Each structure stands twice: as structure tokens, then as C-alpha cells.
Amino acid sequence: MKKNILFTKNISNNSYFLPLVSLSFVAVVLVAGRAVAENAVLRSIFSCQAQGLSGVVPTIKIWYQQGTNLSFIPSGEKIKKVWLNDPSQVTIDFDGPMCMQFGQGGNSTGDCQNSSANVIQLRRIKKLAIPGVPDTKNTLLTVITEGQEKSKLYTFRILYGNGNPEYHTLAVFPDTPSQSATPCVKLPQ
């Protein structure tokens, strides 16, 4: 018991111990916080922001190491149609049946009336040489959804990431209730 009292007394007399412990604690907290931020698994966006109604085209970043999901599950919307302007560096998959249309004539496969996907999975691939597709540093993804008996048009700029992925899912949430009909649109004053 006497040793513990002496140890405590020596600690309080040592002017370097307390600042060193405090600094160590702060460093651990900062490193842990940064690790959590670098390994964020989910990013979220409101529907009106994802539609570009705020005046900014939303972006999705994709990497080689893993795919990036675009989820409409939180908004309760079903994906009806998808366009990708430059398919030379991106593969697309869905979590449910999708209507696929090919060529100018619109030859369709799948049940176009009952497409029921909620998630688009995008994956970066090494660039393919596709005749007629220009070399670009990004591409545009267009998505038409349906929910609550309304159709919505979304556009996302696809950016190509290198290194470790920053996130794996971008989730589209329903707009928060607002007094204005379009809460993301900023009206001129």
C-alpha cells in the first residue's frame, strides 16, 4: 500500500508525466478518428441534391479495389432506366431485374414494366478501346427512378479514383419535409 502512495506522489512531482500522458491520449484519439474517416463505408445525399436541384452535379467516385454502390433503398425508389455515357472504364450491375435496351431500335430484354432494382453497383475496370468513345477523365451516369407514383431523373458525374477507396456506398435518402415544394432549390432574393 505504501508503494502505491509513493508512486502517486512521484507522478505528481514529475512535471513531464502528466503532459506526456495527455499528449499520448490526444494522439490516440486523433489517429482513431482519422482511421474511421478514411474507412467511411457510407456517404449519403438527399434526393433533391442527387437530382441536381441545388445547382451542383453530384459525384460518385469508383476505384479498382472494390465497387461503389448507388443505393436508392432509403428513398424507397425503384430504378427504371440507366445510361452511362462512357462504358469503357465502368461495369454496372443491379440487385434486381432490369430492363435492358440495346441499339437504336430499342430491342429490349427483361421485364421493362416491372424493373425492381434499388441498387446500382459500379466497378472500375481497365480502359477498353471502344470505337467512337472519346478518352475522358470522367463520365456521366443518368438514372430514372420511380417511387410514390412519381418519376425522378438523377445525374451523377463518375470520377475515377486511385489508391484506397474512400467509401463503398452512396445512399440516396428522401428529402426532409420542408415548407417549400423544392427544399434544395435556392430562390433568388
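**Group meeting talk: a buried pair, a sheet and some salt bridges**

Okay, let's start with a pair of residues: Glu-77 is buried, and Lys-152 is buried too. Keep in mind that this is a predicted model.

So what do Glu-77 and Lys-152 form with each other? A salt bridge, with the closest N and O atoms 3.4 Å apart. And where do the two sit? Glu-77 is in the loop between β3 (68–71) and β4 (78–84), while Lys-152 belongs to strand β10. That's 75 residues apart, so this pair links distant parts of the chain.

Now, how many salt bridges are there by the rule used here? The count comes to 4. Let me walk you through some others, and for those you'll want to find Glu-166.

Glu-166 meets Arg-43 in a salt bridge, side chain to side chain, at 3.8 Å from N to O. Glu-166 lies in the loop between β10 (150–160) and β11, and Arg-43 lies in strand β1, so this pair ties together parts that are 123 residues apart in sequence.

The side chain of Glu-166 also meets Lys-61 in a salt bridge, this one at 3.2 Å, N to O. Lys-61 is in strand β2, residues 59–62, and Glu-166 is in that loop between β10 and β11, so here the parts being tied together are 105 residues apart in sequence.

Put those together, and you get Arg-43, Lys-61 and Glu-166 linked in a network of salt bridges.

Buried or exposed, then, or partly exposed? Glu-166 has 31% relative accessibility, so it counts as partly exposed. Arg-43, at 37%, counts as partly exposed. Lys-61 comes in at 26%, and that counts as partly exposed as well.

Since Arg-43 sits in β1, let's move on to the sheet. In what order do its strands come? It's an open sheet of 5 strands, running β1-β11-β3-β8-β5, and the pairing is mixed. At the edges you've got β1 (42–46) and β5 (90–94); each has a single partner strand, so one side of each is left without a neighbour in the sheet. On average, neighbouring strands here are turned by 20° against each other, ignoring direction.

A quick bit of background: strands of a sheet pair through backbone hydrogen bonds, and they do that either parallel or antiparallel.

Which way do β1 and β11 run? Parallel, with 5 bridges joining β1 to β11, which covers residues 169–173. If you want a spot to look at, find Ile-45: it stands opposite Val-172 in β11.

How values were computed: Residues are numbered from 1 along each chain as its sequence is written. This is a predicted model: local features need pLDDT of at least 70, side-chain atom pairs count only at pLDDT 80 or more; totals for chains, interfaces and linings use all residues. Side-chain values use heavy atoms; hydrogens and water are left out. Two strands pair if DSSP finds at least two bridges between them. Helices (H or I, at least four residues) and strands (E, at least two) are DSSP runs, numbered from the N terminus. Axes are lines fitted to C-alpha atoms, for helices over the stretch in contact, and angles run from 0 to 180 degrees between N-to-C directions. Buried means under 20% relative accessible area, exposed over 50%, partly exposed in between (1.4 Å probe, protein chains only).
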